[in-house]
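Q: I have a model open and want to learn to read its features one by one. Where do we start?

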Amino acid sequence: MTEYGYFLSCEEFTPAELIDQARRAQQAGFTRLAISDHFHPWNDRQCNSPFVWSMIGALSQAVSLPVTTLVTCPTVRLHPAVTAQAAATSSVMLGGRFALGVGTGEALNEHVLGDRWPSFAERAEMLEEAVEVMRKLFTGKLVSHRGPHYSVDNARLYTAPDRPLPVLVSGFGPRAAELAGRIGDGLVTMSPDADLVGAFREGGGAGKKVVGGVKVCWSTDRDKAVDAVHRLWPTELLPGELAQVLPTPAHFEQAGELVTREMIADAVTCGDEVEEHLETVRSYVRAGFDEVYVGQIGSDQEAFFDAYGGLVLPALNR
């Protein structure tokens, strides 16, 4: 049975707002939380970017819901050994209710130390090796590793998970889905693509989780909602690999000028029609997703949680 969680957007909200949203999500009946990991927001209008590992520590004390990173990049900005320590501590603080969603990353976040931004093929190799390193460290045993991309010298996590820590791998195309099936405990993807889910299953993902996220804007004023999405999240509609290769929020703002208000109105669920919101979430269920995380764009969080808690989630759970 599909579970429904709330998607916390570190790009758009302050730490205090994210904690408040997590509490509201639990009260509304969401059963899980996902949280993004960014060094920069997608554009300056979003205006935030708190450190995800600090946020997860705070969440562990504020709510009792499981938490999943959607997603973090353990290959460039943070070494996989450091990511492994952060994930292990998060798992312990959450009593094992933590899943590590990982991906090959975006130049937007990973270029900040001046590292070269590799091709997708090289980033996929790096991710595979990083997952291998992290899984070794999660055992709590002494680890030394010499690989093409990473070295670890006599490292041991003394605060290690007391149960297997799931590693979910992000994928938006067939090659990434195959990688997720081969090295991951699940697939993360953001569109209800049944063909991609099938590629994941055929590539080694049979019996493993499929996890997705979607952004909506609940509002009694649909035009106002469309305007909010167009202002804050035009990047949702950028095609191809732009999201992976553009290096700064300024570049995303330039690319976002290609996204029209009409494109947003056609592609993003805005307004207060319950059936439209239900259909958006159910499209993921029909595509074979096990967990769906819904994020509310904009400031009208109270109305969103009231509507989803009172109308949308009860209908989905029926």
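A: Start with helix H1, and keep in mind that this is a predicted model. Asp20 and Arg24 both sit in helix H1, four residues apart, about one turn of the helix.

Q: Why do residues three or four places apart point the same way in an α-helix?

A: An α-helix has 3.6 residues a turn, so residues at that spacing point the same way. Side chains of opposite charge can then pair when their charged atoms come close. Here the side chains of Asp20 and Arg24 meet in a salt bridge, 2.8 Å from N to O.

Q: Are Asp20 and Arg24 buried or exposed?

A: Neither label fits. Buried means under 20% relative accessible area and exposed means over 50%. Asp20 has 35% relative accessibility, so it counts as partly exposed. Arg24 is partly exposed because its relative accessible area is 27%.

Q: Where else do a salt bridge and helix spacing go together?

A: Look at helix H6 (residues 174–183). Arg182 and Glu178 both lie in H6, four residues apart, about one turn of the helix. Arg182 forms a salt bridge with Glu178, and their closest N and O atoms are 3.1 Å apart. Arg182 is partly exposed because its relative accessibility is 43%. Glu178, at 32%, also counts as partly exposed. Salt bridges can also share partners: Glu3, Arg32, Lys209 and Glu291 are joined into one network that way.

Q: How many salt bridges does the structure hold?

A: The structure holds 17. One of them links Glu122 to Arg116, with the closest N and O atoms 2.9 Å apart. Check the accessibility of each partner separately. Glu122 has a relative accessible area of 22%, so it is partly exposed. Arg116 reaches 56% and therefore counts as exposed.

Q: How do I read a buried polar residue in a loop?

A: Place it, check its accessibility, then list its partners. Gln46 lies in the loop between strand E2 (32–35) and helix H2 (52–62). Its relative accessibility is 1%, so Gln46 counts as buried. The Gln46 side chain reaches the backbone oxygen of Leu232 at 2.9 Å. Leaving aside residues up to four places away in sequence, Gln46 touches Glu11, Glu12, Pro41, Leu232 and Trp233.

Q: Which residues of H2 are buried, and what do they pack against?

A: Val52, Trp53, Met55, Ile56, Gly57, Leu59 and Ser60 are buried in H2. The buried residues of H2 pack against strands and helices alike: strands E1 (3–8), E2, E3 (67–69) and E4 (98–102), and helices H1 (15–28) and H3 (80–93).

Q: In what order do the eight strands close into a barrel?

A: Follow the pairing from strand to strand. The order is E1-E2-E3-E4-E7-E8-E9-E10, and the pairing is parallel. Neighbouring strands of this sheet are turned by 25 degrees against each other on average, direction ignored.

Q: How do I inspect a single pairing within the sheet?

A: Take strand E8 (residues 186–189) and strand E9 (residues 209–216). They pair in the parallel sense over four bridges. Leu187 has Val210 in E9 as its bridge partner.

Q: Which helices pack on or lie across these strands?

A: Two examples will do. Helix H12 (residues 274–286) packs on the sheet and touches E1, E9 and strand E10 (291–296). The direction of H12 makes about 160 degrees with that of E9. Helix H13 (residues 301–317) lies across E1, E9 and E10. H13 runs at about 160 degrees to E1.

Terms used: Residues are numbered from 1 along each chain as its sequence is written. This is a predicted model: local features need pLDDT of at least 70, side-chain atom pairs count only at pLDDT 80 or more; totals for chains, interfaces and linings use all residues. Side-chain values use heavy atoms; hydrogens and water are left out. Helices (H or I, at least four residues) and strands (E, at least two) are DSSP runs, numbered from the N terminus. Buried means under 20% relative accessible area, exposed over 50%, partly exposed in between (1.4 Å probe, protein chains only). A polar contact is a pair of N or O atoms within 3.5 Å; within protein, one must be able to donate a hydrogen and the other to accept it, and residues adjacent in sequence count only if both atoms are side-chain atoms. Contact means heavy atoms within 4.5 Å. Two strands pair if DSSP finds at least two bridges between them. Axes are lines fitted to C-alpha atoms, for helices over the stretch in contact, and angles run from 0 to 180 degrees between N-to-C directions. A salt bridge is a side-chain nitrogen of Lys or Arg within 4 Å of a carboxyl oxygen of Asp or Glu.
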